[in-house]
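Please open the model in the viewer and keep the selection panel at hand. The stops below move from one helix to its partner and then to the ligand.

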Amino acid sequence: MKALTRTQYGGPENIILAEIPKPTIKSDEVLVNVKVCTINRTDCGILWAKPFPIRLFTGLTKPKHLVPGTDYSGIVTEVGSAVKEYTVGDRVWGFYDEGLQSHADYVAIKANTYITKIPENISFEEAVASGEGAHYAINFINKIDLQAGDKVLVYGATGAIGSAAVQILKARDIFVTAVANTQNMAKIKALGVDRIYDYLTQDWTGDELKYDFVFDAVGKSSFGICKPLLKKEGAYISSELGPGNQNLYLPLLTRFSSQKVIFPIPKDTKASMLIMNDLLRKNQYKPLIERSYSLEDIVDAYTYVQSGQKTGNVLLKIS
Ligand SMILES: NC(=O)c1ccc[n+]([C@@H]2O[C@H](COP(=O)([O-])OP(=O)(O)OC[C@H]3O[C@@H](n4cnc5c(N)ncnc54)[C@H](OP(=O)(O)O)[C@@H]3O)[C@@H](O)[C@H]2O)c1
């Protein structure tokens, strides 16, 4: 089968499009013919092994997986003898942030792990683009006790995490102010936000509304900048470590303050997949998809995604 392969950490120039044997499945696995993946910021982290601690999960001195790829959507082509939940022909998708070896024609997945059926009327593209960013958005939002009508500001609403966060919050009837760039104003408004700032032309930090939660989904702001926007008991979460890695120690320093900083460690990608299936089924989620690459253009794909400028999700077409 065709697969992207690499044997060392570093840039996408190390990746080779190769012919390797198709995986053979165990009794508790299914084989999936992969149709579409995404190239996302988690793939970039694993490719470059940055930040360094990621190596504890992906291989200390070199990648433990020959084939990259953290997500997939496709069709089940073989089912292990012990598997009851899936049959040949099922449309399925999955995401796992430590890697699934999915940038290949076929991927073998344990049936009780990172696989679920794609809801009816949802495309392979929509399903796979509802994985990575949404998983992190869910894991940051669920750290705050939010009720319908509460106010949240999402900074970096054009990213995979930000665009997912906005929709997940709107599905819960939260009042959302989004901060995005000029070119994507219309796309972010269409996600149902209540208010929107163009960070390139407007000073969102001077907003007079007070928020229950300020979510820096792109990690380019800081608690100091966002603190004046918080209600008395509001919380701040960033997807990045912040200036001087401050988001690692601010949770301790603000522990007994009324305004808190939280720095969550995301976990349980399967739980996130099931939440996203539910939202997709109810038509409450439509992933932002910007563009798509083929396996041959993998260097361009990684270079673009690593630039930090994509809008929502970037797809990798496999077959
Ligand atoms: N903590 C975790 O567990 C975790 C997990 C995954 C990812 N991350 C990190 O979270 C961050 C966001 O990830 P992502 O996948 O959502 O990113 P992404 O899809 O690459 O999107 C970044 C978006 O932010 C916009 N942006 C860039 N600079 C901005 C600024 N100063 N103000 C407002 N918007 C800006 C970009 O558009 P323009 O530049 O064109 O405006 C782009 O649309 C990344 O740094 C990633 O490494 C953290």
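**Stop 1: helix α1 and its cover**

Select α1 and what surrounds it: the cover over the buried residues of α1 includes β3, α2 (55–58), α4 and α10. Contact here requires C-beta atoms, placed from the backbone, to lie within 7 Å of each other. Helices (H or I, at least four residues) and strands (E, at least two) are DSSP runs, numbered from the N terminus. The model is predicted: local features need pLDDT of at least 70 and side-chain atom pairs count only at pLDDT 80 or more, while totals for chains, interfaces and linings use all residues. Residue numbers start from 1 along each chain as its sequence is written.

Now highlight T42, D43, I46 and L47, which are the buried residues to inspect in α1. A residue counts as buried if 20 or more other C-beta atoms, placed from the backbone, lie within 10 Å of its own. These residues cover an arc of only 135° around the axis, which puts them on the same side of α1. The arc is taken from the directions between the helix axis and the C-beta atoms. Just after α1, select A49, whose phi is positive, near 55°.

**Stop 2: the crossing with α10**

Show α1 (residues 41–48) together with α10 (residues 298–306): their axes come within 9 Å and cross at roughly 105°. The two helices are therefore roughly perpendicular, a term for angles of 65 to 115 degrees. Axes are lines fitted to C-alpha atoms over the stretch in contact, and angles run from 0 to 180 degrees between N-to-C directions.

Which residues in α1 and α10 meet? R41, C44 and L47 in α1 meet Y302, V305 and Q306 in α10.

**Stop 3: the buried face of α10**

Select I298, A301, Y302 and V305, which are buried in α10. Viewed down the axis of α10, the buried residues fall within an arc of 90°, so they line one face of the helix. Their cover includes β1 (2–5), β3 (29–39), α1, β14 (289–294) and β15 (313–317). After α10 comes G308, with a positive phi near 75°.

**Stop 4: the ligand**

Finally, select the 24 residues around the ligand, of which T158, G159, I161, N181 and S239 come nearest. A residue belongs here if its C-beta atom, placed from the backbone, lies within 6 Å of the ligand. The elements giving two or more residues to this shell are α1, α4 (132–141) and α5 (160–170). The largest share, 3 residues, comes from α5.

Definitions and conventions
Parallel < 35°, antiparallel > 145°, perpendicular 65-115°, else oblique. Contact = placed C-beta atoms within 7 Å. Buried ≥ 20, exposed ≤ 12 C-beta atoms within 10 Å, placed from the backbone.
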